Amino acid sequence: MILKDKKILIMGIRNKWSIAWGAAQSAHEQGAEVIFTYHGTENVQKIEDLVSEIPRSKIYPCDVTDDNEVEELFSIIEKEHGKIDGVLHSIAHANMDDLRNGMINTSKEGFKHAHDVSAYSFVAVCRYAKKVLNPGGSLVALTYYGADKVMQGYNVMGAAKAALQTSVMYLSQDLGVDNIRVNAISAGPIKTLSAKAIKDFNVMLEMVEERSPLRRNVTQKEVGDVATFLFSELSSSITGQTIFSDNGMSIMGI
């Protein structure tokens, strides 16, 4: 088991369809103790019922738009769990109107909101996680190909994910001297709760099935397995990268 005796924090659990849950299952199968965060507006009872499937797991509320909450979270985790070995940032949000009305009609507040939740929050997480990560620790963010190429309906989230990917590179430079790695996983489209906000999302799924080299869509568990690899010592030389877990769709032309 490649994560035996390691402690992994999964930030942004919502339900059993989320990529965060796939990552948690994978980390647990590979021997990790798993810790979760959720946003305070979520149904905590449902989340507690879900994470109870993973022995020894604990959950904590955290609003990543509040730096004080992020700092307090890592202080509590260190007090209750000691040093940890990895963090998955599985958090993103944009207002529905800003996603569906074209990039040109994005509101200033909507632009700021998408970047705050989806990009800046990872910077804040890295800043405070640094204090509680063991040497060789690994920080992982989730992104999507809409940061690299235009995907209809992704709009302001594409801009936010592009900011996230660039942040990953600069953060890897800052944290490398502390033997901490920072990477992103660019997952193929997965039918999560957040994905429902993207117009014509089912068309994206159909396109991957028709055109990707493997002729199928990726699963949340497969993306989770990539995160597990990035948390493990098997990836000790990898940092500052965006790794695609999309069945090869990102290599295809028109």
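Is the crossing of α3 and α5 left-handed or right-handed? I shall come to that pair of helices after describing the sheet. Please keep in mind throughout that this is a predicted model.

The sheet is open and has seven strands, ordered β3-β2-β1-β4-β5-β6-β7, with parallel pairing. At its edges lie β3, residues 58-61, and β7, residues 242-245, each of which has a pairing partner on one side only. From one strand to the next, the twist averages 20°.

Let me take one pair of neighbours in the sheet. Strand β4 covers residues 84-89 and strand β5 residues 133-143; five bridges join them in the parallel sense. Within this pairing, I84 is placed opposite L133 of β5.

I turn now to the helices. Helix α5, residues 108-129, packs on the sheet, where β1 (7-11), β4, β5 and β6 (181-187) are the strands it touches. The direction of α5 makes about 170° with that of β4. Helix α2, residues 44-51, lies across β2 (33-38) and β3, and runs at about 155° to β3.

This brings me back to the opening question. The axes of α5 and of helix α3, residues 67-81, come within 9 Å and cross at roughly 35°. That crossing is right-handed. On the α3 side, the residues in contact are D67, V70, E71 and F74; they meet Y120, A124, V125, R127, Y128 and A129 of α5. Sorted by class, this contact comprises seven nonpolar and three charged residues, with no polar ones.

Note on methods
Residues numbered from 1 in each chain as written. Predicted model: local features only at pLDDT ≥ 70, side-chain atom pairs only at ≥ 80, totals over all residues. Heavy atoms only, no water. Pairing = 2+ DSSP bridges. Helix = DSSP H or I, 4+ residues; strand = E, 2+ residues; numbered from the N terminus. Axes fitted to C-alpha atoms, helices over the stretch in contact; angles between N-to-C directions. Contact = heavy atoms within 4.5 Å. Left-handed = near helix turned anticlockwise from the far one by under 90°. Nonpolar A, V, L, I, M, F, W, Y, C, P; charged D, E, K, R; others polar.
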